[in-house]
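This briefing is intended for a reader who wishes to relate a sequence to its three-dimensional model. Please keep both in view while reading.

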Amino acid sequence: MASLIDIKKRIASTKKTSQITSAMQMVSASKLTRVEQQVRNYQMYAKKIREIVTHIAGSQLMFLEEHGHVAAQEQQDIDFNDLLIRRPVKRTGYLIISSDKGLAGSYNSSILKATRDMILQDHQTSDEYVIISIGETLANDLKKSGIHVEYVVSDLSDQPSFNEVTQVVSQAVKHFHDAVFDELYVCYNHHVNALTSQFHVEMMLPLGDLDHEEVEEHEIDYLFEPTEGDILEVLLPQYAESLIYGAIIDAKAAEHASRMTAMKSATDNAKDLIDQLTMEYNQLRQAAITQEINEIVGGAQALD
(Lines give C-alpha, C1' and ligand atoms only; values in the text may rest on other atoms or scores of the structure.)
Protein backbone atom coordinates (compact mmCIF):
# COMPACT_ATOMS: atom_id res chain seq x y z
CA MET A 1 0.00 0.00 0.00
CA ALA A 2 1.26 3.45 -0.89
CA SER A 3 2.30 5.76 1.91
CA LEU A 4 0.89 9.21 2.56
CA ILE A 5 4.04 10.79 1.15
CA ASP A 6 3.81 8.74 -2.06
CA ILE A 7 0.16 9.65 -2.58
CA LYS A 8 0.89 13.32 -1.93
CA LYS A 9 3.64 13.24 -4.58
CA ARG A 10 1.29 11.59 -7.09
CA ILE A 11 -1.36 14.24 -6.45
CA ALA A 12 1.19 17.02 -7.01
CA SER A 13 2.54 15.48 -10.24
CA THR A 14 -0.98 14.82 -11.55
CA LYS A 15 -1.95 18.44 -10.90
CA LYS A 16 1.06 19.59 -12.94
CA THR A 17 0.06 17.25 -15.76
CA SER A 18 -3.49 18.59 -15.60
CA GLN A 19 -2.21 22.16 -15.91
CA ILE A 20 -0.15 21.23 -18.98
CA THR A 21 -2.99 19.39 -20.75
CA SER A 22 -5.41 22.21 -19.92
CA ALA A 23 -3.02 24.75 -21.46
CA MET A 24 -2.57 22.56 -24.55
CA GLN A 25 -6.35 22.30 -24.85
CA MET A 26 -6.69 26.09 -24.89
CA VAL A 27 -3.87 26.45 -27.41
CA SER A 28 -5.50 23.89 -29.73
CA ALA A 29 -8.86 25.64 -29.35
CA SER A 30 -7.25 28.93 -30.41
CA LYS A 31 -5.56 27.29 -33.40
CA LEU A 32 -8.84 25.62 -34.37
CA THR A 33 -10.66 28.96 -34.36
CA ARG A 34 -8.04 30.53 -36.63
CA VAL A 35 -7.90 27.65 -39.11
CA GLU A 36 -11.71 27.46 -39.26
CA GLN A 37 -11.69 31.10 -40.37
CA GLN A 38 -9.05 30.16 -42.93
CA VAL A 39 -11.35 27.42 -44.23
CA ARG A 40 -14.26 29.85 -44.52
CA ASN A 41 -12.10 32.31 -46.46
CA TYR A 42 -10.97 29.51 -48.78
CA GLN A 43 -14.56 28.40 -49.40
CA MET A 44 -15.45 31.89 -50.62
CA TYR A 45 -12.51 31.82 -53.03
CA ALA A 46 -13.24 28.24 -54.15
CA LYS A 47 -16.87 29.09 -54.92
CA LYS A 48 -15.87 32.01 -57.14
CA ILE A 49 -13.11 30.25 -59.05
CA ARG A 50 -15.42 27.27 -59.58
CA GLU A 51 -18.00 29.58 -61.17
CA ILE A 52 -15.40 31.02 -63.53
CA VAL A 53 -13.87 27.67 -64.46
CA THR A 54 -17.26 26.05 -65.03
CA HIS A 55 -18.37 28.91 -67.27
CA ILE A 56 -15.21 28.97 -69.38
CA ALA A 57 -15.04 25.17 -69.73
CA GLY A 58 -18.80 24.86 -70.29
CA SER A 59 -18.58 23.58 -73.87
CA GLN A 60 -16.03 20.93 -72.93
CA LEU A 61 -18.05 19.81 -69.91
CA MET A 62 -21.22 19.57 -71.96
CA PHE A 63 -19.52 17.44 -74.61
CA LEU A 64 -18.08 15.12 -71.95
CA GLU A 65 -21.50 14.74 -70.36
CA GLU A 66 -23.20 13.92 -73.65
CA HIS A 67 -20.55 11.89 -75.49
CA GLY A 68 -18.12 10.59 -72.85
CA HIS A 69 -14.40 10.84 -72.33
CA VAL A 70 -13.41 8.35 -75.04
CA ALA A 71 -15.17 10.40 -77.71
CA ALA A 72 -13.52 13.56 -76.38
CA GLN A 73 -10.07 12.09 -77.01
CA GLU A 74 -11.02 11.59 -80.66
CA GLN A 75 -12.69 14.98 -81.06
CA GLN A 76 -10.72 17.46 -83.15
CA ASP A 77 -13.04 20.48 -83.06
CA ILE A 78 -12.63 21.11 -79.31
CA ASP A 79 -9.26 21.49 -77.61
CA PHE A 80 -9.95 19.49 -74.41
CA ASN A 81 -7.80 20.14 -71.36
CA ASP A 82 -6.21 16.92 -70.09
CA LEU A 83 -7.25 17.70 -66.49
CA LEU A 84 -10.86 17.10 -67.56
CA ILE A 85 -10.32 13.82 -69.41
CA ARG A 86 -10.53 10.42 -67.76
CA ARG A 87 -8.00 8.06 -69.26
CA PRO A 88 -7.38 4.33 -68.69
CA VAL A 89 -5.97 3.92 -65.19
CA LYS A 90 -2.58 2.24 -65.14
CA ARG A 91 -1.42 3.81 -61.88
CA THR A 92 -3.28 5.63 -59.10
CA GLY A 93 -1.90 8.54 -57.11
CA TYR A 94 -2.71 9.13 -53.44
CA LEU A 95 -2.04 12.31 -51.50
CA ILE A 96 -2.42 11.37 -47.84
CA ILE A 97 -2.72 14.19 -45.30
CA SER A 98 -1.78 13.52 -41.67
CA SER A 99 0.08 15.19 -38.81
CA ASP A 100 3.74 15.23 -37.78
CA LYS A 101 2.73 15.74 -34.14
CA GLY A 102 1.07 13.38 -31.70
CA LEU A 103 -1.22 13.95 -28.71
CA ALA A 104 -4.20 14.16 -31.07
CA GLY A 105 -6.11 11.06 -30.04
CA SER A 106 -6.81 8.65 -32.89
CA TYR A 107 -6.25 11.27 -35.61
CA ASN A 108 -3.18 9.68 -37.22
CA SER A 109 -4.01 6.07 -36.41
CA SER A 110 -7.46 6.29 -38.05
CA ILE A 111 -5.93 7.68 -41.25
CA LEU A 112 -3.22 5.02 -41.22
CA LYS A 113 -5.66 2.13 -40.81
CA ALA A 114 -8.14 3.36 -43.41
CA THR A 115 -5.42 4.17 -45.96
CA ARG A 116 -3.49 0.95 -45.44
CA ASP A 117 -6.62 -1.19 -45.76
CA MET A 118 -7.69 0.68 -48.92
CA ILE A 119 -4.33 0.34 -50.66
CA LEU A 120 -3.78 -3.31 -49.75
CA GLN A 121 -7.29 -4.14 -50.91
CA ASP A 122 -7.23 -2.22 -54.21
CA HIS A 123 -3.65 -2.87 -55.36
CA GLN A 124 -1.57 -5.99 -55.85
CA THR A 125 1.88 -4.41 -56.26
CA SER A 126 3.56 -1.06 -55.57
CA ASP A 127 3.74 -0.45 -59.34
CA GLU A 128 0.01 0.27 -59.30
CA TYR A 129 0.14 3.34 -57.06
CA VAL A 130 2.15 6.42 -56.12
CA ILE A 131 1.86 7.81 -52.59
CA ILE A 132 2.62 11.38 -51.55
CA SER A 133 2.47 11.74 -47.78
CA ILE A 134 2.00 14.94 -45.81
CA GLY A 135 3.20 13.89 -42.37
CA GLU A 136 6.38 11.95 -41.70
CA THR A 137 4.91 9.74 -38.97
CA LEU A 138 2.27 8.31 -41.28
CA ALA A 139 4.86 7.78 -44.03
CA ASN A 140 7.07 5.79 -41.65
CA ASP A 141 4.13 3.66 -40.50
CA LEU A 142 3.12 2.93 -44.10
CA LYS A 143 6.67 1.89 -44.91
CA LYS A 144 6.63 -0.50 -41.94
CA SER A 145 3.51 -2.07 -43.45
CA GLY A 146 5.37 -2.68 -46.71
CA ILE A 147 3.69 0.19 -48.58
CA HIS A 148 6.04 2.28 -50.69
CA VAL A 149 5.89 6.07 -50.21
CA GLU A 150 7.23 8.13 -53.11
CA TYR A 151 7.43 11.58 -51.52
CA VAL A 152 7.11 12.95 -47.98
CA VAL A 153 6.27 16.49 -46.83
CA SER A 154 6.89 17.25 -43.15
CA ASP A 155 6.91 20.15 -40.69
CA LEU A 156 3.77 21.77 -42.03
CA SER A 157 2.72 24.78 -39.94
CA ASP A 158 -0.49 24.89 -37.89
CA GLN A 159 -2.03 27.33 -40.37
CA PRO A 160 -0.46 26.44 -43.72
CA SER A 161 -0.54 29.12 -46.39
CA PHE A 162 -0.84 28.23 -50.05
CA ASN A 163 2.76 29.30 -50.62
CA GLU A 164 3.84 26.78 -48.00
CA VAL A 165 2.24 23.83 -49.81
CA THR A 166 2.50 25.09 -53.38
CA GLN A 167 5.38 22.75 -54.18
CA VAL A 168 3.58 19.56 -53.21
CA VAL A 169 0.22 20.49 -54.76
CA SER A 170 1.75 21.70 -58.01
CA GLN A 171 3.90 18.57 -58.13
CA ALA A 172 0.80 16.40 -57.72
CA VAL A 173 -0.94 18.18 -60.61
CA LYS A 174 2.22 17.94 -62.74
CA HIS A 175 2.48 14.19 -62.06
CA PHE A 176 -1.05 13.77 -63.42
CA HIS A 177 -0.27 15.96 -66.42
CA ASP A 178 2.89 13.91 -67.13
CA ALA A 179 0.96 10.61 -66.71
CA VAL A 180 3.01 9.53 -63.69
CA PHE A 181 -0.43 8.47 -62.46
CA ASP A 182 -3.80 8.56 -64.21
CA GLU A 183 -5.98 9.62 -61.28
CA LEU A 184 -5.34 11.34 -57.97
CA TYR A 185 -7.14 10.72 -54.69
CA VAL A 186 -6.71 12.87 -51.59
CA CYS A 187 -7.14 10.97 -48.30
CA TYR A 188 -7.65 12.93 -45.07
CA ASN A 189 -9.83 13.46 -42.00
CA HIS A 190 -12.61 15.90 -42.85
CA HIS A 191 -13.49 18.37 -40.08
CA VAL A 192 -17.19 18.10 -39.20
CA ASN A 193 -17.19 19.87 -35.84
CA ALA A 194 -15.07 20.14 -32.69
CA LEU A 195 -16.00 16.59 -31.65
CA THR A 196 -16.28 14.79 -34.97
CA SER A 197 -14.12 14.13 -38.01
CA GLN A 198 -14.65 11.70 -40.89
CA PHE A 199 -12.13 9.95 -43.11
CA HIS A 200 -12.61 11.18 -46.68
CA VAL A 201 -11.23 9.89 -49.96
CA GLU A 202 -11.86 12.37 -52.79
CA MET A 203 -10.84 12.05 -56.41
CA MET A 204 -9.21 15.38 -57.28
CA LEU A 205 -7.90 14.52 -60.74
CA PRO A 206 -9.24 14.33 -63.33
CA LEU A 207 -11.59 17.14 -62.38
CA GLY A 208 -14.90 15.34 -62.13
CA ASP A 209 -16.85 17.68 -59.84
CA LEU A 210 -17.55 20.36 -62.46
CA ASP A 211 -21.10 20.34 -63.85
CA HIS A 212 -21.96 22.13 -67.09
CA GLU A 213 -25.54 22.70 -65.85
CA GLU A 214 -24.15 25.21 -63.35
CA VAL A 215 -23.22 27.46 -66.26
CA GLU A 216 -26.86 28.38 -66.79
CA GLU A 217 -27.06 29.76 -63.26
CA HIS A 218 -24.50 32.51 -63.99
CA GLU A 219 -25.34 34.84 -66.85
CA ILE A 220 -21.84 36.23 -67.38
CA ASP A 221 -20.11 36.83 -70.69
CA TYR A 222 -16.31 36.65 -70.66
CA LEU A 223 -13.99 38.16 -73.24
CA PHE A 224 -11.10 35.73 -73.78
CA GLU A 225 -7.61 36.94 -74.42
CA PRO A 226 -5.68 35.17 -75.83
CA THR A 227 -8.03 32.14 -76.20
CA GLU A 228 -10.35 30.02 -74.07
CA GLY A 229 -7.96 27.06 -74.31
CA ASP A 230 -4.95 29.11 -73.26
CA ILE A 231 -6.81 30.50 -70.27
CA LEU A 232 -7.91 27.02 -69.16
CA GLU A 233 -4.31 25.83 -69.43
CA VAL A 234 -3.52 28.24 -66.59
CA LEU A 235 -6.80 28.31 -64.71
CA LEU A 236 -7.58 24.58 -64.44
CA PRO A 237 -4.26 23.65 -62.77
CA GLN A 238 -4.79 26.54 -60.34
CA TYR A 239 -8.30 25.25 -59.61
CA ALA A 240 -7.02 21.71 -59.05
CA GLU A 241 -4.27 23.02 -56.75
CA SER A 242 -6.82 25.04 -54.79
CA LEU A 243 -8.94 21.91 -54.24
CA ILE A 244 -5.94 20.09 -52.79
CA TYR A 245 -5.08 23.07 -50.62
CA GLY A 246 -8.67 23.14 -49.36
CA ALA A 247 -8.33 19.51 -48.28
CA ILE A 248 -5.07 20.33 -46.46
CA ILE A 249 -6.53 23.14 -44.35
CA ASP A 250 -9.69 21.08 -43.74
CA ALA A 251 -7.45 18.29 -42.40
CA LYS A 252 -5.60 20.82 -40.23
CA ALA A 253 -8.91 21.89 -38.68
CA ALA A 254 -9.70 18.23 -37.92
CA GLU A 255 -6.23 17.81 -36.39
CA HIS A 256 -6.61 20.79 -34.04
CA ALA A 257 -10.11 19.68 -33.06
CA SER A 258 -8.88 16.16 -32.35
CA ARG A 259 -5.97 17.45 -30.26
CA MET A 260 -8.26 19.82 -28.34
CA THR A 261 -10.65 16.94 -27.57
CA ALA A 262 -7.79 14.64 -26.56
CA MET A 263 -6.31 17.24 -24.22
CA LYS A 264 -9.73 17.92 -22.66
CA SER A 265 -10.16 14.20 -22.07
CA ALA A 266 -6.68 14.02 -20.53
CA THR A 267 -7.45 17.00 -18.27
CA ASP A 268 -10.74 15.47 -17.14
CA ASN A 269 -9.04 12.14 -16.43
CA ALA A 270 -6.33 13.90 -14.43
CA LYS A 271 -8.94 15.68 -12.33
CA ASP A 272 -10.75 12.37 -11.69
CA LEU A 273 -7.46 10.79 -10.66
CA ILE A 274 -6.70 13.72 -8.32
CA ASP A 275 -10.11 13.29 -6.67
CA GLN A 276 -9.52 9.56 -6.27
CA LEU A 277 -6.03 10.04 -4.84
CA THR A 278 -7.25 12.78 -2.51
CA MET A 279 -9.94 10.47 -1.15
CA GLU A 280 -7.37 7.69 -0.70
CA TYR A 281 -5.01 10.16 1.02
CA ASN A 282 -7.72 11.33 3.41
CA GLN A 283 -8.72 7.76 4.25
CA LEU A 284 -5.12 6.78 5.03
CA ARG A 285 -4.59 9.96 7.04
CA GLN A 286 -7.76 9.35 9.03
CA ALA A 287 -6.70 5.76 9.67
CA ALA A 288 -3.27 6.94 10.83
CA ILE A 289 -4.81 9.50 13.19
CA THR A 290 -7.18 6.89 14.58
CA GLN A 291 -4.26 4.52 15.10
CA GLU A 292 -2.33 7.23 16.97
CA ILE A 293 -5.32 7.98 19.23
CA ASN A 294 -5.75 4.30 19.99
CA GLU A 295 -2.08 4.04 20.87
CA ILE A 296 -2.29 7.09 23.18
CA VAL A 297 -5.41 5.73 24.90
CA GLY A 298 -3.82 2.31 25.24
CA GLY A 299 -0.68 3.85 26.79
CA ALA A 300 -2.72 5.91 29.23
CA GLN A 301 -4.67 2.87 30.32
CA ALA A 302 -1.43 0.93 30.83
CA LEU A 303 -0.15 3.66 33.17
CA ASP A 304 -3.36 3.46 35.24
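The points below cover the overall fold, the pocket, the nonpolar cores, the salt bridges and the backbone geometry.

The model is predicted. The chain has 304 residues, of which 40% count as buried. Its secondary structure comprises seven helices and five strands.

**Overall fold**

- Read along the sequence, the elements follow the pattern α-α-α-β-α-β-α-β-α-β-β-α.
- Among contacts in the chain with a separation of 6 or more, 74% are made by residues 24 or more positions apart.
- An example of residues distant in sequence is given by asparagine 269 and threonine 14, which lie 255 residues apart in sequence, with a C-alpha to C-alpha distance of 9.8 Å.
- Asparagine 269 belongs to helix H7 and is partly exposed, its relative accessible area being 47%.

**The largest pocket**

- The largest pocket holds about 450 Å³ of space.
- Its lining consists of 22 residues, and those nearest the centre of the pocket are Tyr42, Gln43, Tyr188, Gly246 and Asp250.
- Two or more lining residues come from each of helix H1 (4-56), strand E4 (183-191), strand E5 (197-205) and helix H7 (228-303).
- Helix H1 makes the greatest contribution to this lining, with seven residues.
- By residue class, the lining of the largest pocket comprises ten nonpolar, six polar and six charged residues.

**Nonpolar cores**

- In soluble globular proteins, nonpolar side chains tend to be buried together.
- The largest nonpolar core in this model has 58 residues, and the members that touch the most others are Ile131, Leu207 and Ile244.
- Helix H7 contributes the most to this core, supplying 13 residues.
- A second core, separate from the largest, has six residues, including Ile11, Ile274, Leu277 and Leu284.
- When residues up to four places away in sequence are left aside, isoleucine 131 touches Tyr94, Ile96, Ile119, Leu142, Ile147, His148, Val149, Glu150 and Tyr151.

**Salt bridges**

- The structure contains nine salt bridges.
- One of them joins aspartate 117 to lysine 113, with the closest N and O atoms 3.1 Å apart.
- Aspartate 117 and lysine 113 are separated by about one helical turn because they are four residues apart in helix H4 (residues 107-122).
- Aspartate 117 has a relative accessibility of 35% and therefore counts as partly exposed.
- Another salt bridge joins aspartate 178 to lysine 174, where the closest N and O atoms are 2.7 Å apart.
- Both partners of this bridge are partly exposed: aspartate 178 has a relative accessible area of 39%, and lysine 174 has one of 46%.
- In helix H7, lysine 264 and aspartate 268 are four residues apart, so about one helical turn separates them.
- The side chains of lysine 264 and aspartate 268 form a salt bridge with an N to O distance of 3.0 Å.
- Lysine 264 is partly exposed at 42% relative accessible area, and aspartate 268 is likewise partly exposed at 32%.
- Lys31, Lys101 and Asp158 are joined into one network by salt bridges that share partners.

**Backbone geometry**

- Most residues other than glycine have a negative phi, and most peptide bonds are trans.
- The peptide bond from leucine 205 to proline 206 is cis, with omega near -5°.
- Proline 206 lies in the loop between E5 and H7.
- Leucine 103 is not a glycine, yet it has a positive phi of about 60°.
- The location of leucine 103 is the loop between strand E1 (92-97) and H4.
- With a relative accessible area of 54%, leucine 103 is exposed, since the threshold for that class is over 50%.
- Aspartate 155, which is not a glycine either, also has a positive phi of about 60°.
- The loop between strand E3 (151-153) and helix H6 (162-177) contains aspartate 155, which counts as exposed at 68% relative accessibility.

Notes
Residues numbered from 1 in each chain as written. Predicted model: local features only at pLDDT ≥ 70, side-chain atom pairs only at ≥ 80, totals over all residues. Heavy atoms only, no water. 1 Å grid on protein atoms, 1.4 Å probe; cavity = no way out; pocket = protein on both sides within 12 Å on 5 of 7 lines; lining within 4 Å. Points joined across faces, edges and corners; volume = space filled by probe spheres on them. Nonpolar A, V, L, I, M, F, W, Y, C, P; charged D, E, K, R; others polar. Core = buried A, V, L, I, M, F, W, Y, C linked by side-chain atoms within 4.5 Å. Buried < 20%, exposed > 50% of the residue type's maximum accessible area, 1.4 Å probe, protein only. Contact = heavy atoms within 4.5 Å. Salt bridge = Lys/Arg side-chain N within 4 Å of Asp/Glu carboxyl O.
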